[in-house]
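Me: I'm new to this one and would like a quick tour. Can we start with the pockets and then look at the rings?

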Amino acid sequence: MTATGATGLLSDRAYAALRDRLISLAIPPGAPIDEDALTRELGVGRTPVREAVRRLALEGLVVVFPRRGTFASSIDMTSLSDITDVRCQLEPHAAARAATLADAGDRTEAAGLMSELERAAADQRSLIELDARVHRFVHRCSRNPYLVRDLDRYLNMSLRIWHLTFDRLPPLDDPVREHRALLEAIARGDAEAARAIALEHVLGFAREMRAAL
């Protein structure tokens, strides 16, 4: 592997670790991002961490203030409607593409996710993580990197709102487990069913979040 390739892999690792901390609010909104501490904790160099921070800034999860530093972005609860508006267009399209384009390897992965959904414990934070993994699987199966990039950005925003309202929400076991129907539609190549299920899931999520606000 070339040095550039190795740096890219480390950057992806740093990005995923920092992204997940920002989404789960382990790094709360407004908190400073300590790049030196992240370098030590993740066991990577400064360059991969800085590249990860740049990506997260482009996605709106962190903000960089010249001469002040980098901070976790705030969460604007009033943005839920706008986020939902975009996701209602993109998520069903990605699901339909996934059903059309999924290959044998994807169907095997879908079966594994369905098994995890069946075994999922009632722990709500674990369900959020599993929900995100299903969404990202569907995004990848769309085979469109531009669609994946935008979908991941709005998914991350939605997940932060979910974590922020966590203590005010009822158990969401059923909405998460309803992903089984989506995965089944993708596995059997039913694009229209996948499209409809994805749309209702996004709308249902928005209803739950609004009820908690």
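Me: Which residues line the second largest pocket?
Reply: Its lining is made of Arg-19, Asp-20, Ile-23, Ser-24, Arg-125, Ile-128, Glu-129, Ala-132, Arg-133, Arg-136, Leu-159 and His-163. This is a predicted model, where local features need pLDDT of at least 70, side-chain atom pairs count only at pLDDT 80 or more, and totals for chains, interfaces and linings use all residues. Residues are numbered from 1 along each chain as its sequence is written, and side-chain values use heavy atoms, with hydrogens and water left out.

Me: What counts as a pocket here?
Reply: On a 1 Å grid over the protein atoms alone, a pocket is an open set of points where a 1.4 Å probe fits, with protein on both sides within 12 Å along at least five of seven lines; lining residues have an atom within 4 Å of a point.

Me: OK, and which element gives the largest share of that second lining?
Reply: H6 does, with 6 residues. Helices here are DSSP runs (H or I, at least four residues), numbered from the N terminus.

Me: How does that lining split by class?
Reply: The second largest pocket has 4 nonpolar, 2 polar and 6 charged lining residues. Asp, Glu, Lys and Arg count as charged, Ala, Val, Leu, Ile, Met, Phe, Trp, Tyr, Cys and Pro as nonpolar, and the others, Gly among them, as polar.

Me: And the largest pocket, what's its volume?
Reply: About 280 Å³, the volume being the space filled by probe spheres set on the grid points, which are joined across faces, edges and corners. Of its 13 lining residues, Tyr-15, Arg-55, Glu-59, Arg-149 and Asp-152 are the closest to the centre.

Me: Which helix gives most to that one?
Reply: H7, with 5 residues. By class, the lining of the largest pocket has 9 charged, 3 nonpolar and 1 polar.

Me: Switching to rings: how many aromatic pairs are there?
Reply: There are 2. One of them is Trp-162 with Phe-205, edge-to-face at 5.5 Å centre to centre and 65° between the planes. Rings of Phe, Tyr and Trp (its six-membered ring) pair if their centres lie within 6.5 Å, and planes over 60 degrees apart count as edge-to-face.

Me: Why does that pair tie separate parts together?
Reply: Because Trp-162 lies in H7 (residues 145-164) and Phe-205 in H10 (residues 191-212), the pair links parts 43 residues apart in sequence.

Me: Does any charge sit over a ring, and where?
Reply: Arg-125 lies over the face of Phe-166, 3.8 Å from the ring centre. The test is NZ of Lys or CZ of Arg within 6 Å of the ring centre and within 35 degrees of the ring normal.

Conventions
Phe/Tyr/Trp six-rings, centres within 6.5 Å; stacked < 30°, edge-to-face > 60°. Helix = DSSP H or I, 4+ residues; strand = E, 2+ residues; numbered from the N terminus.
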